[in-house]
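Hi there,

Here is the structure I promised to pass on to you. Have a look at it, and then read on for what turned up.

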Amino acid sequence: LDGSPLSLLGEKKIKGNYHDARSIDNHGIVITTSNVNTDSFTSELYRWRPQYCGLNSTAYEALAKETALNETESFMEKMVKDLDVELDGNCDSIFQVASIQSGDSKEVYDSNLLGNFVRVLSFDMDMSTNQLTNEFTTSSSGTFAPGWPDSIYVSQGFAGVVTIGHTYDPSTNRWKESTFVSAFDINITGSTPKPFAIVRAPGRPLNKFATDLYDGHLRIATTTFDWSNTDSTTVNQIFVFQLPAEDQGREMKLVGATEHLGKKMERITAVRFRGDRAYVVTFEQIDPFIVVDMGNHSEPKVIGELEIPGFSQYLHWIQLEGKMFMLGLGRQDEDIKIGLFDISDEKNPVQSAFHLEKQASSSAGSDSLAFRYLPNSQLLIIPKREWTWTAEGNFDGFVVYSINATHITPVHEIQHADSQSIYRGCWYNAYLQPRSLVFQSKLTTLLSHSVLSTDLGTGDTLFDLNLDTALNNTECHGYFW
């Protein structure tokens, strides 16, 4: 890049709301979601409609079924047109709704299966300039998803669309929260992503790190909440599902599951998978750090556990002095806690170092893109925020830490605005998400209302770009809000 303005080579308008994206080799994957308004179809089926007045249950069901069948074709044609679905003469690229249901006629979802449509779109990023300008070609597939979209997991030619919903259990007459994963094969270069499997697990995952594909098996870590259980309102488990072969249908088979992870009343606050191991943090009063052996798909089991104050929200494995460690970022009381776990002895993990940032918070615990670790220099870079409700002691910026096997030491603080300006300043009503970039030992940080460049060696500021300098002060907003 020579600093000249960027030029638009091509664009593609996609129906729906942007949800997530990935790049795999020379292919781009974009995930969108669309809400489907089914009222025009279902409004005439409700029992209270006047045409059903005086009918018994059998007569009502017969008339409602006839009404639905008469309206199905026109509704589906309109829905396909509005969603701009690429069918290519068939429905091979769309999950059949019947595949999402278990076949139990008593099974009921709290939201209809057509309520959300999730599209998985792929395109070749190596297209020529002429192709980008004149014929930006894409291919897509999709699924109707119960509940609402939660996260996307992409790995090894596999894309899993994770949604959260509820199912009704007739045996207990209660609704239960469930996780649904619709799996797509994105491994065929240049071909349309193919839907091939579906699975449902109890509870809900914490985030995108709670789903993992390994050795032909999908592992999902969830917490199930049961507020009516006075003994413990939570159950934390890892479920293992086997991906089906071509002749085995569409449903992933449950082959193994852990017992409850952690103590009573605790919930999962962090999880990472690495090969045949899972690392889980649960929390209610203390922080159990748990090591799970996932080597036997049918019998995952806890092999190590450590209890310490506070809890981790994000886990990141690193190597120091030839040994494996897990770096944890989370909370202890009102403080940021950075903990270093020595996992070289998996049966006896230990916390070899920790550091607290008093009365501060960091969004990197819930936003992994704000977390950056540099393995060669053993430096950790995370955003930090302090708000005192006064003009003194406020901070918004980044902190650089030096990490070794026994110590976590702050080396640079990068302040994006001074305390007085944070408290009394006039700011635009939008802000940048915290991100950091490193190139040739120069750290660029983007946060809130400014972009800074810092020399990682000395901590000196190389440039400071305030994005709100031209703000019309007649309309002011707070720094954080």
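Two strands count as paired if DSSP finds at least two bridges between them. The strands themselves are DSSP runs (E, at least two residues), while helices are runs of H or I with at least four residues, and both are numbered from the N terminus. With that in hand, in S4 the bridge partner of Val-120 is Ser-141.

Before going further, a word on the source: this is a predicted model, in which local features need pLDDT of at least 70 and side-chain atom pairs count only at pLDDT 80 or more, while totals for chains, interfaces and linings use all residues. Residues are numbered from 1 along each chain as its sequence is written, and side-chain values use heavy atoms, with hydrogens and water left out.

**The four-stranded sheet**

Val-120 and Ser-141 bring us to an open sheet of four strands, ordered S1-S2-S3-S4 with antiparallel pairing. Strand S1 (17-24) and strand S4 (139-144) are at its edges; each has a single partner strand, so one side of each has no neighbour in the sheet. On average, neighbouring strands here are turned by 20° against each other, direction ignored (the axes are lines fitted to C-alpha atoms, for helices over the stretch in contact, and angles between N-to-C directions run from 0 to 180 degrees).

Strand S2 (residues 27-35) is joined to S3 by nine antiparallel bridges, and Gly-28 sits opposite Phe-123 in S3. On to the next pair: six bridges link strand S3 (residues 116-124) with S4, again running antiparallel, and Ser-122 faces Ser-139 in S4.

Is S3 mostly covered or mostly open? It is mostly covered, as eight of its nine residues are buried. Buried means under 20% relative accessible area, exposed means over 50%, and partly exposed lies in between (1.4 Å probe, protein chains only).

After S3, Ser-128 is found in the loop that leads to helix H4 (129-134). Ser-128 counts as partly exposed because its relative accessibility is 34%. Its C-alpha atom is separated by 9.5 Å from that of Leu-9, although the two residues are 119 apart along the chain.

**The disulfide**

How many disulfides does the structure hold? It holds one, a disulfide being a pair of cysteine sulfur atoms within 2.5 Å. Cys-426 and Cys-476 form it, with their sulfur atoms 1.9 Å apart. Cys-426 lies in the loop between helix H5 (419-424) and strand S26 (432-439), and Cys-476 in the segment after strand S29 (461-466), so the pair ties together parts 50 residues apart in sequence. The link is left-handed, with -95° about the S-S bond. Cys-426 is partly exposed at 21% relative accessibility, and Cys-476 is partly exposed at 42%.

**A buried threonine**

Finally, take a look at Thr-258, in the loop between strand S13 (253-257) and strand S14 (267-274). At 4% relative accessibility, Thr-258 is buried. Its contacts (heavy atoms within 4.5 Å), not counting residues up to four places away in sequence, are Asn-236, Gln-237, Ile-238, Val-292 and Pro-300.

Happy exploring, and best wishes!
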